[in-house]
Amino acid sequence: MSAFLEVNNLSVKFPTPDGVVEAVSEVSYSVKLGETLAIVGESGSGKSVSNLAVMGLHNPNSTIISGSAMLNLPSGPIDVVSASTESVRKLRGSSMAMIFQDPMSALHPYYSIGDQIYEAWQVHHKGNKKEGIKRAIEMLELVGIPDPNKRVNDYPHQFSGGMRQRVMIAMALINNPSLLIADEPTTALDVTVQAQILELIKNLQKEFNMAIILITHDLGVVAEIADRVSVMYGGRIVEDAKIDDIFYKSDHPYTLGLLNSLPRVDSEINQRLQAIPGQPPSLINLPVGCAFATRCSFNSIPADNICKTTLPDLVEKTAVHYSRCHLSSSQLITARTGA
């Protein structure tokens, strides 16, 4: 099956008085219907910026975008990067939708939940408000809001954080989009509610056969829901592989650092977590070599100081497992196992 979304060499830059911020540099990934791609990385790595470009939500007057983001629709492929603003606006909500990180900020405090969901439906349908509210009630019931006939008239402040996130999911899915982008959908939720939201997303994916892009820094969330993972650092993808390979056969020192910084139930009680030293690079003044080189424990292994002088390519180290690192396959295995 071909991918529903194909992103190729996507770059996003923001001119500022201090210089050009290279937020995303030549990023490529794809996601099929029914598949979940997790995009992982620290804050500022380019995760959200790249997907806001896919949604066409950057201000064209203050953003430089190149590359392509192709939606393979039944009516034919369309590149949202080069398409007109009006064409992309028609795609948002109908073919692709996004759940934002903070539902309290995304929902308008002065309008009822029903009115806001109805508005999302009205953009793509010619029915009256009665039909739209009926559809909103159906969606609230689908996402597990109790007593939806009553709650449809309530306001955002009358909902808990988990319920507001369910409302955002209902709003995103009311027009049956084929692509759902979820930007940190479980941030600030307790673990019980987090598990409920993730289970809801998985169940709705099966029902609607959606392609899902999950943006997160939480590897626990990734393990719960993803099929494949793209790890971003310094505006680039540094590793891309199936979920099991990321957790058990990581081929990039940054991914290894992320995994080693997580607590494990099988570790010794007094064992300290291994934090990644240093800070991410400035996106205004990226290093000429590997962006992770100054924080990497293995940067002295490759010869001729190549890590600090040459940008590594994203290459296939093993089958369908890509890594942007100068370490050879044998050196990566040594780094991974600590042997």
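Trainee: Which residues is serine 95 in contact with, leaving aside its neighbours within four places in sequence?

Mentor: In this predicted model, serine 95 is in contact with Phe4, Leu73, Pro177, Ser178 and Leu179, once the neighbours within four places in sequence are left aside.

Trainee: What makes these pairs contacts?

Mentor: The rule asks for heavy atoms within 4.5 Å. Phe4 and Leu179 are among the residues that meet this rule with serine 95, and so each counts as a contact.

Trainee: Where is serine 95 found, and why does it count as buried?

Mentor: Serine 95 is found in the loop between helix H2 (85-91) and strand E6. Its relative accessibility is 14%, and buried means under 20%. Serine 95 therefore counts as buried.

Trainee: Why is a set of residues called a nonpolar core?

Mentor: The members must be buried residues of the listed kinds, such as Ile, Leu and Val, joined through side-chain atoms within 4.5 Å. The largest such core has 38 residues, and Ile117, Leu140, Val167, Ile169 and Leu180 have the most contacts inside it. Ile, Leu and Val are on the list, so these residues are of the kinds that the definition admits.

Trainee: Which elements supply this core?

Mentor: Those that each supply at least two residues include strand E6 (96-99), helix H4 (113-122), helix H5 (129-142) and helix H7 (161-173). The largest share, seven residues, comes from H7.

Trainee: What is leucine 140 in contact with, beyond its neighbours within four places in sequence?

Mentor: Leucine 140 is in contact with Ile113, Ile117, Ile145, Pro148, Val152, Val167 and Ala170. There is also a second, separate core of 34 residues, which includes Leu5, Val27, Ala53 and Ile237. In soluble globular proteins, nonpolar side chains tend to be buried together.

Trainee: How do you know that strand E1 pairs with strand E4 and with strand E2?

Mentor: At least two bridges are needed for two strands to pair. Seven bridges join E1 (residues 5-16) to E4 (residues 64-73), and nine join E1 to E2 (residues 19-31). Both counts meet the cut-off, so E1 pairs with E4 and with E2. E1 runs antiparallel to E4 and antiparallel to E2.

Trainee: Which residues does leucine 5 stand opposite, and what joins E1 to E2?

Mentor: Leucine 5 stands opposite leucine 71 in E4 and opposite valine 31 in E2. A hairpin joins E1 to E2 through two residues.

Trainee: Why is one empty space called a cavity and another a pocket?

Mentor: In a cavity the probe fits but cannot get out, whereas a pocket is an open set of points, and so the two names differ. The second largest pocket has a volume of about 540 Å³. Of its 21 lining residues, Arg92, Gly93, Phe100, Ala120 and Met171 are the closest to its centre. By class, this lining has 13 nonpolar, five polar and three charged residues.

Trainee: How many cavities of 30 Å³ or more are there, and which residues lie closest to the centre of the largest?

Mentor: There are two cavities of 30 Å³ or more. The largest holds about 90 Å³ of space, and of its 15 lining residues, Pro253, Cys290, Cys296, Cys307 and Cys325 are the closest to its centre. Its lining has 11 nonpolar, three polar and one charged residues.

Trainee: What makes two lining residues of the second largest cavity charged?

Mentor: That cavity has a volume of about 50 Å³, and its lining includes Arg236, His252 and Arg324. Arg counts as charged, so Arg236 and Arg324 are charged. The lining divides into six nonpolar, one polar and two charged residues.

Notes:
Residues numbered from 1 in each chain as written. Predicted model: local features only at pLDDT ≥ 70, side-chain atom pairs only at ≥ 80, totals over all residues. Heavy atoms only, no water. Buried < 20%, exposed > 50% of the residue type's maximum accessible area, 1.4 Å probe, protein only. Helix = DSSP H or I, 4+ residues; strand = E, 2+ residues; numbered from the N terminus. 1 Å grid on protein atoms, 1.4 Å probe; cavity = no way out; pocket = protein on both sides within 12 Å on 5 of 7 lines; lining within 4 Å. Points joined across faces, edges and corners; volume = space filled by probe spheres on them.
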